[in-house]
Each structure stands twice: as structure tokens, then as C-alpha cells.
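This report works through a single model, beginning with one helix and moving on to a metal site and a few individual residues. Please keep the sequence and the coordinates at hand while reading.

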Amino acid sequence: MADCIFCMIGNHDIPSNVAYEDDQIIAFHDLEPQAPVHVLVIPKKHITGLDDVKEEDKELMGHIMFKIHEIAADLGLENGYRVVSNNGEDAFQTVKHLHFHILGKRKMTWPPG
Ligand code: AMP
Ligand code: ZN
């Protein structure tokens, strides 16, 4: 989709720091990391967000979910990680192209001490 920054990244029209890529998805490091490891996983197909997922996207969605643990392992996140997808205005979704944040190596505030 024209004017979509993540479509441009998927097409390699603009550069990104790629962590994983295949014909359907690309994972790249976030420009403004919120954790020591912060990677975004996106479908190359333009899907606005989870509300825009169609029946025909079921296999693609399964592929994304299946690949996340492999990408996390390659990033050295054997001790755990969070996966977040912000959807819509109330979730402060800023880029209107479906993406899953992988967040790892964040210093834990719990348990205390
Ligand atoms: P959100 O839409 O709030 O779930 O988050 C969008 C994320 O995309 C933010 O964490 C941004 O830092 C990140 N971001 C925006 N543009 C780029 C880019 N060109 N390369 C890498 N990350 C980006
Ligand atoms: Zn897009």
C-alpha cells in the first residue's frame, strides 16, 4: 500500500535492520526500542491491524505466530519475552500496518529485590 511505512520496509523501499525475513513476513529492529531487544514482526501483505484480518489470512496469521518463537530464539531470548500488538486509537497504534512487538531482556521490576 502506498504511503505505508511498513509496506515500504517489507518491499525494501526503505532500509531497516532485518532480524528475519521470508516470502510472507519480515522482522526488523524497532527504531525507538522500548526494551533492550525490541523487534517488530509484520506480514508483507498490508493488513491495517487485527480488526482487518480476513478469513483468507488465517494461514498467514498462523505463520506469524509460529515464527515468533524462532525469531525470539535467534535474538537470544531463551529466558522469555513479551509479544504485544497495539490495535486502534485506544491502544495508541501509530503505524496502521499489523505488527507484533517482541520485547526482551527488559529489567524486571517484579519480584522486588
Ligand atoms: P505502535 O503502532 O504504537 O504499536 O508502534 C509502532 C512502532 O513502530 C514504534 O515502536 C516505532 O518506534 C516503530 N517504527 C516506526 N517507524 C519505524 C521504522 N521506520 N523502522 C523501525 N521501527 C519503526
Ligand atoms: Zn502497509
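Which residues in helix 2 are buried? The model is a predicted one, and in it the buried residues of helix 2 are Leu-60, Met-61, His-63, Ile-64, Lys-67, Ile-68, Ile-71 and Ala-72. An α-helix has 3.6 residues a turn, so residues three or four places apart point the same way. The buried residues of helix 2 pack against strand 1 (18-21), strand 2 (25-29), strand 3 (37-43), strand 4 (81-84) and strand 5 (100-104).

Helix 2 itself runs over residues 58-74, and its 17 residues reach 25 Å from the first C-alpha to the last, which is close to the 24 Å expected at 1.5 Å a residue. Helix 2 nevertheless bends by about 30° at Lys-67, a residue that is also listed among the buried ones of this helix. Just after helix 2, Gly-76 adopts a positive phi of about 80°.

In the loop between strand 3 and helix 2 lies Asp-57, which counts as buried because its relative accessibility is 2%, under the 20% cut-off. When neighbours within four places in sequence are left aside, Asp-57 is in contact with Lys-45, Ile-47 and Asp-52.

**The zinc site**

The zinc ion (ligand 2) is coordinated by Cys-4 through SG, Cys-7 through SG, His-46 through ND1 and His-97 through ND1, at 2.0 to 2.3 Å. Because the four donor atoms subtend angles of 105 to 116° around the zinc ion (ligand 2), the arrangement is tetrahedral. Along the chain, the donors of the zinc ion (ligand 2) follow the spacing C-x2-C-x38-H-x50-H. Distant parts of the chain are linked in this way, with Cys-7 in helix 1 (residues 5-10) and His-46 in the loop between strand 3 and helix 2, 39 residues apart. Both cysteine donors are buried, Cys-4 with a relative accessible area of 7% and Cys-7 with a relative accessible area of 4%. The count of disulfides comes to zero.

**Individual residues**

Phe-28 lies in strand 2 and is buried, with a relative accessible area of 2%. Leaving aside its neighbours within four places in sequence, Phe-28 is in contact with Phe-6, Ile-9, Ser-16, Asn-17, Val-18, Ala-19, His-38, Val-39, Leu-40 and Ile-42. Phe-28 and Glu-59 are 31 residues apart in sequence, and their C-alpha atoms are 21 Å apart in space.

Asp-3 and Phe-92 are residues other than glycine with a positive phi, as set out in the table.

| Residue | Phi | Place | Relative accessible area |
|---|---|---|---|
| Asp-3 | near 70° | segment before helix 1 | 75% |
| Phe-92 | near 60° | loop between strand 4 and strand 5 | 68% |

Are Asp-3 and Phe-92 buried or exposed? Asp-3 is exposed because its relative accessible area of 75% is over the 50% cut-off, and Phe-92 likewise counts as exposed, at 68% relative accessibility.

Technical notes. Residues are numbered from 1 along each chain as its sequence is written. Chains are lettered from A and ligands numbered from 1 in the order in which they are written. This is a predicted model: local features need pLDDT of at least 70, side-chain atom pairs count only at pLDDT 80 or more; totals for chains, interfaces and linings use all residues. Side-chain values use heavy atoms; hydrogens and water are left out. Helices (H or I, at least four residues) and strands (E, at least two) are DSSP runs, numbered from the N terminus. The expected span of a helix is 1.5 Å times one less than its number of residues. The bend at a residue is the angle between axes fitted to the seven residues ending there and the seven starting there. Buried means under 20% relative accessible area, exposed over 50%, partly exposed in between (1.4 Å probe, protein chains only). Contact means heavy atoms within 4.5 Å. A disulfide is a pair of cysteine sulfur atoms within 2.5 Å. Donors are N, O and S atoms within 2.8 Å of the metal (3.2 Å for Na, K and Ca); water is not among the atoms, so sites may look incomplete. Four donors count as tetrahedral if all angles lie between 85 and 135 degrees; four count as square planar and six as octahedral if opposite donors are over 155 degrees apart and all others between 65 and 115; anything else is irregular.
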